[in-house]
2 protein chains.
Amino acid sequence: MKSISSDDKNFICELQAPCFQTLTPDEVNLIRGSKTQVQFRKGDNLTKQGAFATYIMLMAKGLAIQYVEDESTKSYNLRIIKPGEFIGLSAIFSNNTFSYSSVALTDCQVFLVEKTAIIETINNNGIFGLGLMRRYTEHNNNLFDTLKTVLYKQMNGRLADTLLYINQFKQNFPDVFQLMARKDIADFAGISTESTVKLLKAFEKDGLIKLDGKDIKVLNNIELEEISRRG
Amino acid sequence: MKSISSDDKNFICELQAPCFQTLTPDEVNLIRGSKTQVQFRKGDNLTKQGAFATYIMLMAKGLAIQYVEDESTKSYNLRIIKPGEFIGLSAIFSNNTFSYSSVALTDCQVFLVEKTAIIETINNNGIFGLGLMRRYTEHNNNLFDTLKTVLYKQMNGRLADTLLYINQFKQNFPDVFQLMARKDIADFAGISTESTVKLLKAFEKDGLIKLDGKDIKVLNNIELEEISRRG
DNA sequence: TAAAAAGATTGAGCAAGATCAATTGGAATA
DNA sequence: TATTCCAATTGATCTTGCTCAATCTTTTTA
């Protein structure tokens, strides 16, 4: 990763882009005032689970995967981070270390904002804090869904979930699937790579999807949703 | 559940109890001002996953279990709620429905506080908001640990986790284990009741615990922690 | 371009736990 | 106290999905 000069006006202007429309004016100002912009290369870690978190990040450009890992080699992918989204919000409220890792799926441009600056703003402006908190809580709700998926669904349901989830990104990022290895898909579903490969073939045979190299075309949304629902 | 007259001074005074020392003065005032106190009977649901959440709860007296459920019969226990702890904090920040259910393990006394009253307070007082957010974020961090447990540990590690967790409550609530059926323990570990029974016996044979009716005495903390760590 | 490395695919065998069925024990009820 | 009901226990069996090993394909590197 390398730093970018803070007076790169073009970059700052990107805060006007559609994906940032959800930011509140206060948030925009805070980020404008932040001095640090960082560029990550595909494959770089944006955050590492357990590392000290003295700042939060705002994804400006690019895609990343957020995941949890254990001590050995296992990973479980939680979500795809897209432009306009924060990374590490929990650091603001209590956590001094990141609860999860994240890795760049494409080259990424990211703003870093000091935790202390944010806390100061919240102290003076409860409404600003509520806004940040709302974003954070939404992720948290997803975590409950994730937990239920892991607890109650088996292979087919999980892979259907995964395909539907990733497929949502295809509109704005047509090459999402190409960016991912089979193992990445497997880690979203929480099943082994081998099982993923076999099950993808099975889904294709049933006409639910079309495998085209690394790309995957969802052919039958309805039925995939049904499989997801059944678990 | 039945309402209690709001001028039950003895009850209000309990907010001075040690377990409420973590509440900020602002929080105490808010709760003092709340008009609703409710009593739940052992086995009653305090919250039901998916129900509308227009208020949050503060446990005043008693113990409850927080859990997530699927459509059928499966439950997974997340934590034991003890006096001084909030239930449903996420409702304040974004969620209009409860993400989880909770059920009284003993008779419980609970304060209900309207969401709107809290939001108003936060708007005027960012520091108060930060305090609530900190509590909320801590639960969220536990959720990451829970997810990792479910993803990466198997039976032995999970049951060891569960026993160590519940055992923490024994100091202040010596009969915690007696309050729970084997199924409750199983639902904390996320394994079947039958497997729980068999594994408890095995742990006893290895001298890790002593089974005494429903009560369980932890004999070898160190080794249980080792089993937990190994997964 | 050829060789090497990494990822994808496939099939066989295996292990962890769940489910099922039967039995026992304890507590609640008539 | 006898009866009923529900929780706890136990053993046998079954399912899911993982691991392992071999092969094939694609990408990367020399």
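Begin in this predicted model with helix H5 (residues 126–152) of chain B, and select B:Asp145 and B:Lys148, which stand 3 residues apart in that helix and are therefore separated by about one helical turn. Between B:Asp145 and B:Lys148 there is a salt bridge, in which the closest N and O atoms are 4.0 Å apart. Colouring by accessibility sets the two partners apart, since B:Asp145 is partly exposed with a relative accessible area of 43%, whereas B:Lys148 counts as buried at 19%.

Move next to chain A and select A:Lys170, A:Asp212, A:Asp215 and A:Lys217, which are joined into one network by salt bridges that share partners. One link to display here is the pair A:Lys217 and A:Asp212, whose closest N and O atoms are 3.7 Å apart. Both ends of this link can be checked for burial: A:Lys217 counts as partly exposed at 37% relative accessibility, and A:Asp212 counts as partly exposed at 44%.

Staying in chain A, go to helix H7 (residues 182–189) and pick A:Lys183 and A:Asp187, which lie 4 residues apart, about one turn of the helix. Their side chains meet in a salt bridge with an N to O distance of 2.7 Å. Within this pair A:Lys183 is partly exposed, with a relative accessible area of 39%, while A:Asp187 is buried, at 10%. For context, a search of the whole structure finds 22 salt bridges over all chains.

Now select DNA strand C together with the 15 residues around it, of which A:Arg182, B:Gln154, B:Met155, B:Ser192 and B:Ser195 come nearest. Of the atoms of DNA strand C that come within 4 Å of the protein, 68% belong to sugar and phosphate. Colour the surface near the strand by residue class, and the residues divide into 7 charged, 4 polar and 4 nonpolar.

To see which elements build this surface, show helix H8 (193–205) of chain A and helix H8 (193–205) of chain B, each of which supplies at least two residues; the largest share, 4 residues, comes from H8(A).

Finish with individual contacts to DNA strand C, for which distance labels are useful. At B:Met155, a polar backbone atom is 2.6 Å from a phosphate oxygen of the strand. Two further contacts involve the bases: a polar side-chain atom of A:Lys198 lies 3.3 Å from a base nitrogen, and an N or O atom in the side chain of B:Glu194 is 3.3 Å from a base nitrogen.

Notes. Residues numbered from 1 in each chain as written. Chains lettered and ligands numbered in written order. Predicted model: local features only at pLDDT ≥ 70, side-chain atom pairs only at ≥ 80, totals over all residues. Heavy atoms only, no water. Near = heavy atom within 4 Å. Polar contact = N/O pair within 3.5 Å; in protein donor to acceptor, adjacent residues only side chain to side chain. Nonpolar A, V, L, I, M, F, W, Y, C, P; charged D, E, K, R; others polar. Buried < 20%, exposed > 50% of the residue type's maximum accessible area, 1.4 Å probe, protein only.
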